[in-house]
Amino acid sequence: MNSYVLYAILTLIGLFGTFAVIPLFKNLLIDSNVLRPNYKKDMIPVSMGMVFLPMIIINSIILSSSFASS
């Protein structure tokens, strides 16, 4: 039972981290003027995929520490 609670907490930390980091990267790209037009000619930030790298690193550290402790 405790492992399910731990996995739920880790999932919530990962989701919170992702939703907290995405606006930071988006604002960074907009402020840096890294924008390109999309098919509607709206200017959108490019390279938003780089937000996944820090979150993968953070989540893998959390998961590896949880597996090491169990």
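Guide: pLDDT is the predictor's confidence in each residue, from 0 to 100. This is a predicted model, in which local features need pLDDT of at least 70 and side-chain atom pairs count only at pLDDT 80 or more, while totals for chains, interfaces and linings use all residues. Residues are numbered from 1 along each chain as its sequence is written, and side-chain values use heavy atoms, with hydrogens and water left out.

Visitor: Which elements of the protein chain have the lowest and the highest mean pLDDT?

Guide: Helices (H or I, at least four residues) and strands (E, at least two) are DSSP runs, numbered from the N terminus. Among these elements, H2 has the lowest mean pLDDT, 75, and strand E1 (residues 35-37) the highest, 94, whereas the protein chain averages 82, with 91% of the residues scoring at least 70.

Visitor: What span should H1 have, and how far apart are its end C-alpha atoms?

Guide: The expected span of a helix is 1.5 Å times one less than its number of residues. For the 30 residues of H1 this gives 44 Å, which agrees with the 44 Å between its end C-alpha atoms. After H1 comes Asn33, whose phi is positive, near 60°.

Visitor: Which residues of H1 are buried?

Guide: Buried means under 20% relative accessible area, exposed over 50%, and partly exposed in between (1.4 Å probe, protein chains only). The buried residues of H1 are Leu10, Gly14, Gly17, Val21 and Leu29. Tyr7, also placed in H1 (residues 2-31), counts as partly exposed because its relative accessibility is 35%.
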